[in-house]
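Open the model in your viewer and keep the selection tool ready. The tour goes from an annotated span to ring contacts and then to an internal space.

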Amino acid sequence: MNLINHDNYKNLNMKDYVYNVLKENIMYLKLKPGTVLGKKEMAEEFDVSRTPIREAFVKLKEEGLIDVYPQRGTFVSYIDLDKVQEAKFMREALETKIVKLACEVFPDEKIFDLEANLKVQEMSLEQNNYMKLFEYDNEFHKMLFEGCNMGNIWIAIEQISSHLNRMRMLSLSADFNRSDVIEDHQRIINTIKERNSQKALKVMESHISRIKFDQEKLKRDYPDYFES
């Protein structure tokens, strides 16, 4: 099993290490929806007892990233479009508010940070590194909330966005709208610079609406990733 073993987690205890590595591999679609996750195989993969595997599975199940069926086994969950819509609704409601607020209170030095982030997004696009592009895309939106002193709201959004984020990852891996996403981010920065809250609102609404288009196309092209 060719898992990403992220160095960021190497100082964690084994339970948290296993949880974070499995979650990252599920989110990055290295573990495809429907993949069987046997405790014995996972214990061998991580060279640990079954206890940290079992504890990691409990957390992943709580987050809706795996399904456990008695007598059948444990599987990576399929992308649930109802949960995608729920997270999309929350993001649309809150991110349109935050970008309007950013036009009023976002510090100039934080705009520079957004521009620096956009540069590495562009580099990731040039290198065809969709995983890094996803990371910097998320970081961009997180920075918008933190720049308005609303960082905890972004944490709340992320907690219900696991299915939506896998949809976004699938979209980026399939090269849907990669350049469009970066262009949207540039327009968001421009509207904050201009302190034009109404224009910022329209740009963010357009940006989030791309998810609907992706959903329809991705379900057609990758039906085995989604709940039937």
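Helices and strands here are DSSP runs, with at least four residues for a helix and at least two for a strand, numbered from the N terminus. Keep in mind that this is a predicted model.

**Stop 1: the annotated span**

Select residues 12-79. An unreviewed UniProt entry places the feature "domain: HTH gntR-type" there. Helix makes up 51% of the span and strand 12%. Now pick the C-alpha atoms at its two ends: they lie 28 Å apart.

**Stop 2: a pair across the sequence**

Next, show the aromatic side chains. The whole structure holds five aromatic pairs. Select tyrosine 28 and phenylalanine 134. Their rings meet edge-to-face, with 6.2 Å between centres and 85 degrees between planes. What does this pair tie together? Tyrosine 28 sits in the loop between helix H1 (14-27) and helix H2 (39-46), while phenylalanine 134 belongs to helix H6, so the contact links parts 106 residues apart in sequence. Turn on the surface for both residues. Are they buried or exposed? Tyrosine 28 and phenylalanine 134 are both buried.

**Stop 3: a tilted pair**

Move to tyrosine 69 and phenylalanine 75. This aromatic pair is tilted, at 6.0 Å centre to centre and 55 degrees between the planes. Check the accessibility of each partner. Tyrosine 69 is partly exposed, with a relative accessible area of 35%. Phenylalanine 75 has a value of 18% and counts as buried, because the cut-off for buried is under 20%.

Stay on tyrosine 69 and add arginine 72. Arginine 72 lies over the face of the tyrosine 69 ring, 4.5 Å from its centre.

**Stop 4: another charge over a ring**

Select tyrosine 19 and lysine 59. Here lysine 59 lies over the face of tyrosine 19, at 4.0 Å from the ring centre.

**Stop 5: the cavity**

Now switch to a cavity display. How many cavities of 30 Å³ or more are there? The count is one. The volume of this largest cavity is about 220 Å³. It is lined by 14 residues, and those closest to its centre are Asp137, Arg168, Val181, His207 and Ile211. Select these five by name.

Then colour the helices around the cavity. Helix H6 (130-147), helix H8 (162-173) and helix H10 (197-221) each give two or more residues to the lining. Which one gives the most? H10 does, with five residues. Finally, colour the lining by class: six residues are nonpolar, three polar and five charged.

Conventions: Residues numbered from 1 in each chain as written. Predicted model: local features only at pLDDT ≥ 70, side-chain atom pairs only at ≥ 80, totals over all residues. Heavy atoms only, no water. 1 Å grid on protein atoms, 1.4 Å probe; cavity = no way out; pocket = protein on both sides within 12 Å on 5 of 7 lines; lining within 4 Å. Points joined across faces, edges and corners; volume = space filled by probe spheres on them. Nonpolar A, V, L, I, M, F, W, Y, C, P; charged D, E, K, R; others polar. UniProt positions renumbered as here; feature names shortened; annotations may be inferred. Phe/Tyr/Trp six-rings, centres within 6.5 Å; stacked < 30°, edge-to-face > 60°. Buried < 20%, exposed > 50% of the residue type's maximum accessible area, 1.4 Å probe, protein only. Lys NZ or Arg CZ within 6 Å of the ring centre and 35° of its normal.
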